[in-house]
Structures are given as structure tokens and as C-alpha cells.
Amino acid sequence: MKRIHFVHAAGAATMLLLLAACHKDKPEPPVQGQGQTATGHGVYITNEGNFQWGNASVGWYDPATGQATEDLYAAANGTGMGDVCQSMCLHDGKAYIVLNNSAKVTVVDAETFVATATITGFSSPRYFLPVGNGKAYVTEMSGNKVRVVDLNTSTIIGSIACAGVTQELALAAGKVFITNESKPYVYVVDPATDAITDSVAVSRGGGTLTSDADGMLWVACTGGGGTPAALYRIDPQTVEVANTVPIPGPRISPWRLRANGTGDTLYLLNGDVYRLSITDAAFPSAAFIPANGRNLYGLGIDPLDGNIYVADAIDYVQRGKVYQYAANGAEVGNFLAGRIPNGFVFR
Amino acid sequence: MRLPLWVVALGLLAAKGASGQGAPDTVMLHSVVIQAPRLSDFTSGIKMQVLDSSTMAHYRTASLGDLLRGESPVFIKNYGPGSLATASFRGSGAGHTAILWNGFNIGSPMNGQVDLSLVPAGIADQVRVQYGGAGALWGSGAVGGAVQLNDQPVFSRGLTVDAGASLGSFGDNRQQMLAEWSGAKWISSISAYRSAARNNFEYRNLELRGSPLERQQNAEFRQNGLVAATHLRINEGQQLHLHYWYQHNDRQVPATLLQAASTAEQRDASHRATAEWQRNGARANSYVRAGWFDDRLDWHGAATDSAAQNRSRTFIAEAEMRLRISSTQRIDLGVNNTWADAISDGYPNRLHQNRTAAFAAYRIGSRDQRSSAMASVRQEMVGGVPVPFTWTVGGEHAIAKVLSVKANASRLYRIPTFNDLYWVPGGDPGLLPESGCGGELGLHAKAGLSGDWAVHTEVTGFQRLMDNWIIWLPSGVYWSPRNLMNVWSRGVEARGGITWKKRRTTVKLDVMTNYVRSTNERAKSANDASVGKQLIYVPMYSGHGRITVGHGHVQASVGTDYTGYRYTSTDNLDFLPPYWLLNATVSCRIAKGRGYTVDLLAQGYNLLGESYQVMLGRPMPLQSFNLGLQVHFNRPLRQPLHQE
């Protein structure tokens, strides 16, 4: 019976090892503000989500109560929002959510976040801008065109040919200025005719832009292809560069250029958060808010109180973290966001 | 007989079958080629699973991914039927399992991976799954384990013709045919296969309210392939083995659940040719091998008007000598040179790389054959720069007739791929190789119990630490790979089975359970909540169970697969829920005559219609079925063999 004895010993050892291997694998449900709607003064957080994972979301943070909601859309509509939330735009009580890899713009009630319409027919939409006359422009990463959308019917009614990767866009002096990451130009479109009328030569890698207190436009370019990294101040009346602020440094990728509510101060991400006045001739040598090992991915300035919101996407495969700073750079608080927070929309 | 309590418990818990399903009809006579890859001689202490012809018979038209998912504890990251499938072996990543075809690593030099859905399981006579890295034997990339696809030629077998066809759900149809002439001095075989499916299965879209039934779009695939082999017995001591494998795949790339509709297509084409010359002497065997691989991958997305073209070529040359220094001791010495080049839209120019490795192994066995031990070392140079020196030691000992113990430890590494080093933008030529150590301890018991019962059980605990684990993360506006993670993997694999056999009837219960913890131990950035957390898409628990009843040439089995939570966020807060799949197989021999057999195989998958996703946003089919017919013909050599 000796042989049976060994089999029993081995079997018992098996069972012991299996028992020792008990680590709970069921995750704890995430803690987040439930049932909150976007009412009063606050900030929407656009969470890009992972490409092809369908986990894009829009969160809401109420600075008065300090309460954060991770996903307004899922709570209101019972389904996921889509794939890669590139940006969001508030207009006329509605939020237009640009879902890049779902190739659509979802229209929701800005407060309840209940979906009211879906605009389809894009190839790879990036940014959305109402341009008046019931129209909006939507830039595209591929397809070499900017789409024209009818806001009343929620349909694409036309397109503006523009080769390259078109990015953020802004309305100034009755013209629409469109950045283009793959071309060294900012394009100018007449919203009455939906045609490109002019362009401004800048560096390559232009993607984000904002307007300042003087009604001037600022564009951040990462450079490349023999062109330097720089901020360009463009006069929308003359459609000419009024001022150039070169960005020095060994490892530079200036983007997420934003202005405060009064339009006298610019903020941008360049690894760390940098701040400069619209009258500064040179790029600041020191960071305003150092990244300190964080992966800063989104930036927004509350137009009401000048508070600065900075998003840390961490490793892009977990919940991001948002830091709230006072205008003087002192940390006010922080909260958890959704996956890959990339921007803020204030209300 | 009285079943001990632990047998019952094991049966309730866990695994899977190792032994074959019945004796083959024809007993192989004459001389068998012993094409011993390093593995069989120098694997003392290394856990090995051999998937033999009886198991392979159920996967003749399936992919290697399906075979490993069904028969091994390797977790297959399957993006959907016909879509990309990569391996996670013992909690490792996709580039951490070496796939070897007749001893040659067929991993792409561009991303270090093999798409397991593109490799037909039927390409090999035998599949061997080697657990654990043993990097000294196979070099870079053999971190989680290695999968060997081996040809097993047999001389003097005469004329063999094999033909099979299957029809399955969603327009799935597959055919394969093999013709082989096996004489006393040479063997030549040619096999051709093709498969195609509309693949328009229905699934429940769990991302939408009410989980509506939807139909998969843009997921068709087609595969055509050809394998030719020639084995030549030049003289008493010398043999030559030649292989050529061509394959072409055309497949549509479906959209994920919340993505817009996809019109993307992917085309893969590969040529693989190998040659081996072998000389068997009284004290030493010598081998010289060469392999030439040419892989193309073209991707085209019509909607976004984007396209990507990639091509890589690999040339491997290897010389090896195996010495018998005594009846119990052997030494293996060899050199390997691997040259690779690649062109891609993502590379600044044509890339090339030359790697040279020298390796040596030593094995000693006890005279009573109860114990053996081995040690092997490998030093590789990449472009003249040495990568970590690698070693493996292992041993096994039969404590008793029914109980043996195995243990090994090894140094492991993986060199960065072309994509890691040179992709524009982001690639970093300064990346370090991933490196680490691993080890395992296993017990194996096998016994005939009283009467008609037999039982076997094997339990293995393993551990592995990998440092400088490469991960792609955004840095500014583009992604870049960095040596950021430190991954600690450990776990327990158990499998066992009970067999009852009486005359022509066999009843078998096989159970396998796996427990894998694979955690990141180093913060990637300031707020990283992934420290101490399980890697994404590594299930902590998984298992198979199967009951097989056979009577003569009729066999039926019912099996279930369990896959536990897979986290989809590195902070382990988001997850895909566990799933159970119930599968059944019935096979029977419907005709048998002089030299031929006809077998029928019917298979049903996911019989309970579980709605599940292996990967987030990638739907899997509900029930699916498949019916196959296999004809085997053999005409033995007419003349009796002259004495050799």
C-alpha cells in the first residue's frame, strides 16, 4: 500500500496549495458621486477613454460642494457614451460631445445629460465650434476636410476641404481660425460662405488656440520639420502674426493653451504647467505648476474665479486624477476622474 | 473501490487531459526519425505538456490559439473569432511566449509577437508546451514559456493521403489535404489548407441598454496555406530535413462595440523555409540549421483613408553539437545567428539587426534513471552589444514509482523589438532589455489504483520577477516605450484526472485549475495606483473540466472552461466579468476498411449561449457548431524492407 500512500500525500499537497492560492479577485465597486446632475456653477471633465475600449465619459465637479461625478452620460442614459471623447462644447443649453473613434457627435441636455440627438457621418471628429446662423464646424483627424453641421437638424450639410489633421478652432472678428497639426498654417474660413479665405504661416504642430483680452488669437505649435516650437499671437483683423514667443528647452511639446476669464494670462502644458502674461516677450524659464512625476494631460481655467484645473492621466489605463489650484498656484483640492481626463468645460 | 476525499475534491475543483484517447489503428513499424530538439534532451526539471495526435485530432482545422485555449492554461487574448489572438503565459505579456516551428522562433522582429489566430494547429504533428522561460534554451522572448510546433516524420510508411473538411456556424468552411510518400530513404509531403468564414455571428451588445442582439459586421476572413516537407536519409548517419510554409490571410477588422462601423482590412502573407542537416555519430550528433522567414502585413482602413504596410525578413543560422560523454552525461554546444530586417511606414528607414548567441547545456542522469539534472547557459549579443547572460538549472527525481518532483530556476530576458526601438514617433533606441529570474517546483503523481481505475495529478508552483518591463505611455503628444515596470508573477497550476477503463469502454474526468498573480511592483508615475495590482487581462483564476466517455471508436465529451475576472484598468477597479463556457464534442469512426478510415467530428461551443467578451468591446459569439469529416488513407510499402 506504499504507492497509494504517496498518491494520497501528493493529492493532499495539491489541495493545500490550491487553498493557499486564495486571493479575492472580485473588484471593489468604484466610489463616485451617483445621481448628480450638472446644475449651477461647475466644471465638466471630458475623459477620453482608451482607443477602441469604448470607455469614454464626461464627469462633473461642483467646486462648491467638492462632489465629483465620474460619468454623467451612463447614469442618465444607461449605456456607455462611446469611443474616445475628444472634446465637448456647450451651446444653447446643450452639450455637443465629440466622440472621435465612434465617428459621431452626441448631443445631450447640458444639465440632465439625457441624449437628444446624434450627428453621424464623420470619419474622425476632433473639435466642435458653433459659428452662427445655426451652423457649427467640426474638425477631422482624417479625411482632409472640416465638416459643416446644421444645429437644428443635427446633420452634416457640407464640408470645407482642408488637407491635413485639423484641430481646435475659434471664432474671432467674424472669421473662423482653424489649426492644422500637419501643416505650418492656421487656416481662415468665412462662416458665411464656408470657404477658406486666407491662412497664417506658423510653425508645424499647431493644435490648440485661445483668444485673449485684446481680441487676439494665440496658437501653440510644437514645431518640427525645421520649424521652431513657439506661441503665435495672431491679429484676427489683419490675419497676420503680431508676436511670436519661442519656446526653448530640450524636450518640448507645448499644447493645451488656455486663457483665464479676463484674458490677460495664458496657461499651457509643456510637461509642466507654464503661465505667461499676454504681454510677455519671452517664454517663462520656470514652470508655474511642476508636474512632479505626474502625467499632465488636460488643463482648464475657470473663467469665473481663475481656478486652474490640471488632469493627471497617470498611466492612461486607470482612473485619472484632477487637481484644482487657485489662481496663485496653491492647491485647493483634488478628485478622481474617469479614464484619461483630457479637458475641462466650465459653466 | 473507495475514492479518497481529495480525489473527490480535486474533481470538484479542477483539469485536463493528458493521455490519449485510444490506441492508433496501425502500429508504427520501421524506423522513426528522432529529430530531438534541445527540449527533449535538456529539459530536466522543466514542466512540459505534449499535445499528441489524439488531442490534435480535435483541432485539425482550428488555430493554435484555439488549441492552447482549450488544452493548456495559457490565457489567449482573443479579440474575436478570426481576429488577433495573443498569449499570456503565466501572467506574462504578448511578446513573452516563444513560438517555435521545427525549432525556429517565428516571432515577428517588429513586435516580438505571433498572431495565434493565423497559425493553424494542424501545421504540426505534435505541439509541446514548455512552461516557464528557460531563456538559456530559446533566448529572447521565452519568458512565460515556449510553444513548439514539431513535425514527426516516419520513414517507410508508404503512401498516406489525409483529407478533411468542416462546416460551421456563420459560414465557416475549412478544407485541408495532405499527401505524403514515405520510403525507406526519403519522405516527401505536401499539404494545402484553406479556411473562410463570413463570421457574421450574433451577440448581445452589453454596452447598450437592454443588451440588444446585434450582428457582427466586417469580420470575414480567408486563409490559404501550403506546407511542403522533404526528409532525406543520405546515409546511415546523415539526414536532411527541408520545410517550406506559405500562408496568405485576408481578413476584415471589425469595429469594437462603441466604435463607429469599421471598413478596415488586414492582409498577412508569409513565406517560411527551413533546412536542417543532421549527422548522427557514435559519440556525437551534429546539426546545422537555417531558416528564412518573410512576413508581410498590410493594413487598410477605408473610412479614415489610412494604410500601413509592414514587411520583415528573418534569417536564422544555427549549428549545434550534442556529445555523449558517458552513458549518463551529455553536453550540447551551439551557436545561433539571427539576422532580421524590416521596413514599415512607422520606421524612418529600413532597419536591420544582427544577433549572435552561443549556448551550452549539460545533462546528467542517474544510472537507475530516477534522477536527472541539467544546466544550460546562453550569451547573446545584439549588434555586438552583450545582453544579460542567461542560465537555466533544473532537476527531477522520482521519489517513488508513482511520485516525482521537478524543479528549475532560470534567468530570463526579452530584447526590445524594432517597434520599441525605432517607431516614429516615440521609439527609443536607448531602451534596455527586460530581464528577470524565474523558478518553479512541481510534483507529479501517477498511479493505477485498485481495479480499473487510474489517477494522475500534477501541481506546480512558479514565481518570476521581471524588471525593466517595457510599457508604451504617452510622453507629451505621442506615445513612447519605457522600461518602467517591475512585474512579479507567481501562481499555482494544478491538474489531475481519473480514468476508468474496462474492455472497450473508457470514462475519464480531467480537471485543470490555474491561479496566477501577476502584479506591477513599481510606480510608473506619481499617482500610480497600479502598484501591487494585477496586470490587465491576466485572469487570477481559470480552469477547465472535462468528462469523456468512449466506447470503441465513438467518443463523447462535455467540457467547461472558466475564466475569472480580467481587469481592464491597472488600478483594478474596472473589469470584465467571469464567464463559464460549456462545450461538447462527439467523434465517431463511420467507416473503416483496408488502409482507410473515415471519422466524423461534431463540436458545439458555448452551448449555454453565454454573452461574454474576452477583451473589452470585442464581442464573442453565442452558440456555435461545427461538423467535420476526416478521411485517412495509407498504403504501406509493398516490398519488405531490406535490412539496414
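## Aromatic pairs

Across all chains, a search of the whole structure turns up 27 aromatic pairs. Keep in mind as you browse that this is a predicted model. A good pair to begin with is Trp53(A) and Tyr537(B): their ring centres are 6.0 Å apart and their planes meet at 75°, so the pair is edge-to-face. Trp53(A) belongs to the loop between β1 (43–47) and β2 (57–62) of chain A, while Tyr537(B) belongs to the loop between β27 (505–520) and β28 (541–551) of chain B, so this contact joins two chains. Both partners are covered: Trp53(A) counts as buried at 19% relative accessibility, and Tyr537(B) is buried with a relative accessible area of 5%.

Next, have a look at Phe104(B) and Phe293(B), whose planes stand at 90° with ring centres 6.3 Å apart, so this pair too is edge-to-face. The two residues link distant parts of the chain, 189 residues apart, with Phe104(B) in strand β5 (residues 104–105) and Phe293(B) in strand β16 of chain B. Phe104(B) is buried, its relative accessible area being 4%, and Phe293(B) is buried as well, at 2%. Over in chain A, ring pairs gather Tyr61(A), Tyr309(A), Phe335(A), Phe344(A) and Phe346(A) into a cluster.

## Salt bridges between strands of chain B

Turning to charges, the structure has 40 salt bridges over all chains. One of them pairs Arg272(B) with Asp295(B), where the closest N and O atoms are 3.2 Å apart. Arg272(B) sits in strand β15 (residues 265–280) of chain B and Asp295(B) in strand β16 (residues 284–301) of chain B, so the bridge ties together parts that are 23 residues apart in sequence. Arg272(B) has a relative accessible area of 9% and is buried; Asp295(B), at 17% relative accessibility, counts as buried too.

A second bridge brings together the side chains of Arg313(B) and Asp341(B), at 2.8 Å from N to O. Here the partners come from strand β17 (residues 306–324) and strand β18 (residues 329–344) of chain B respectively, so parts 28 residues apart in sequence are tied together. Asp341(B) is buried, with a relative accessible area of 3%.

## Another bridge and a network

Glu380(B) and Arg355(B) also meet through their side chains in a salt bridge, 2.7 Å from N to O. This pair links distant parts of the chain, 25 residues apart: Glu380(B) is in strand β20 (residues 371–382) of chain B, and Arg355(B) in strand β19 (residues 351–365) of chain B. Glu380(B) counts as buried at 3% relative accessibility.

Some bridges share partners, and in this way Glu276(B), Arg289(B), Glu318(B), Glu320(B), Arg322(B) and Asp332(B) are joined into one network.

## Charges over rings

Charged side chains and aromatic rings also come together in chain B. Arg272(B), the salt-bridge partner of Asp295(B), lies over the face of Trp245(B), at 4.6 Å from the ring centre. The charged end of Lys47(B), for its part, sits over the ring of Tyr131(B), 4.3 Å from the centre of that ring.

Methods. Residues are numbered from 1 along each chain as its sequence is written. Chains are lettered from A and ligands numbered from 1 in the order in which they are written. This is a predicted model: local features need pLDDT of at least 70, side-chain atom pairs count only at pLDDT 80 or more; totals for chains, interfaces and linings use all residues. Side-chain values use heavy atoms; hydrogens and water are left out. A salt bridge is a side-chain nitrogen of Lys or Arg within 4 Å of a carboxyl oxygen of Asp or Glu. Helices (H or I, at least four residues) and strands (E, at least two) are DSSP runs, numbered from the N terminus. Buried means under 20% relative accessible area, exposed over 50%, partly exposed in between (1.4 Å probe, protein chains only). Rings of Phe, Tyr and Trp (its six-membered ring) pair if their centres lie within 6.5 Å; planes under 30 degrees apart count as stacked, over 60 as edge-to-face and the rest as tilted. A charge sits over a ring if NZ of Lys or CZ of Arg is within 6 Å of the ring centre and within 35 degrees of the ring normal.
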